[in-house]
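Here's a quick briefing to read alongside the coordinates. Have the viewer open, and take the topics in whatever order suits you.

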Amino acid sequence: MSRFLPLTRRALHSPAWFIPFDDHAGRVRGAGVTVHLDRFDDGAWVPLDEVAVRTPSAAFAYPGLGRCAEPWAARPRRHRARFAAAGYQPLYPADGEPFSAGLVGVEFLVHPHDDAHPPAVATQPRLVRLLPSASYPYPPGLRTVHGAVVDAATGAPIANALVEARGRTSRDLTPWHERTLSDAAGAFRLALRWEGEKADEHAVEETFRLLALERPGRSGSLVVRLPQDTERRHVIEIREQ
């Protein structure tokens, strides 16, 4: 005769919930996204083997991370998540936070816990925007401009710079916003799906202002005129403002 043991339920808490969001398509993206986890130890980031769990809602979580035997004797530890997806680059600052090209992940604290002592801080879902990279497979016929972001003083390429253009549609003045990130060689390709500024409603030429940002206080811009500048390689120089 078999002996039945009482079932025990273990509460699994995740210290972070990440929702990858395709900024170009305007929808949540889970397929093809990988997440790498690091922990800050002795002044350096150390890669960890923990694998993120993908939920049915396409979020990525780390259930059980931070669980330990004596949570009251442990301290919170810094972690960061780094995202990768073919054709994309992650925009790590959260919406409303200042941009910095130096950010290489989303940092968060992992609070120690066990079944009787839940984490001291509740977790909120965090949207991680994925921007089209220079290798993004834009559909045929979609208008794009390309070029590089460089340091104005040295000419050195600037990686992970935010390149964007803004405007309003001519008919109903609806605001639009296109953005991308430069790659390791400073190269970028930016989609321009919307109408640029025109001298009048019958004009053929459209004008766009491209802005590149490395961090607050270091940026550059240039004006692009289409269709004549479509094939030109546009170099945006970053300098102190």
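Of the 241 residues in the protein, 42% are buried. Keep in mind that this is a predicted model. There are 17 strands and 0 helices to look at, and the notes below go from overall shape down to single residues.

**Overall shape and surface**

- The radius of gyration comes out at 23 Å, while a compact globule of 241 residues would be near 18 Å.
- Measured out along the principal axes, the C-alpha trace spans about 85 × 40 × 25 Å.
- The accessible surface adds up to about 14,100 Å², and carbon and sulfur atoms own 53% of that.
- If you take the contacts between residues at least 6 apart in sequence, 66% of them link residues at least 24 apart.

**The nonpolar cores**

- The largest nonpolar core has 23 residues, and the members touching the most others are Phe18, Val35, Tyr62, Phe83 and Phe108.
- Four strands each put at least two residues into this core: β3 (34–41), β7 (77–84), β9 (106–110) and β10 (125–132).
- β9 gives the largest share, with 3 residues.
- For a look at one of those well-connected members, pick Phe83: leaving out residues up to four places away in sequence, Phe83 touches Phe18, Pro20, Val33, Thr34, Val35, Pro90, Tyr92, Val106 and Val128.
- There's also a second, separate core of 18 residues, with Ala161, Leu190, Leu210 and Ile236 among them.

**A four-stranded sheet**

- An open sheet is built from 4 strands in the order β4-β3-β7-β9, with antiparallel pairing.
- β4 (44–47) and β9 sit at the edges, each pairing on one side only.
- From one strand to the next, the twist averages 35 degrees.
- At the β4 end, 4 bridges tie β3 to β4, and the two run antiparallel.
- To find the register there, start from Arg39, whose bridge partner in β4 is Val46.

**His111, a buried loop residue**

- His111 sits in the loop between β9 and β10.
- Is His111 buried or exposed? It counts as buried because its relative accessible area is 18%, and the cut-off for buried is under 20%.
- Skipping neighbours within four places in sequence, His111 is in contact with Gly66, Pro76, Pro119, Ala120 and Val121.

Methods:
Residues numbered from 1 in each chain as written. Predicted model: local features only at pLDDT ≥ 70, side-chain atom pairs only at ≥ 80, totals over all residues. Heavy atoms only, no water. Core = buried A, V, L, I, M, F, W, Y, C linked by side-chain atoms within 4.5 Å. Buried < 20%, exposed > 50% of the residue type's maximum accessible area, 1.4 Å probe, protein only. Contact = heavy atoms within 4.5 Å. Pairing = 2+ DSSP bridges. Axes fitted to C-alpha atoms, helices over the stretch in contact; angles between N-to-C directions. Rg over C-alpha atoms; globule rule 2.2 N^0.38 Å. Areas by Shrake-Rupley, 256 points an atom, 1.4 Å probe, with all protein chains shown as cover.
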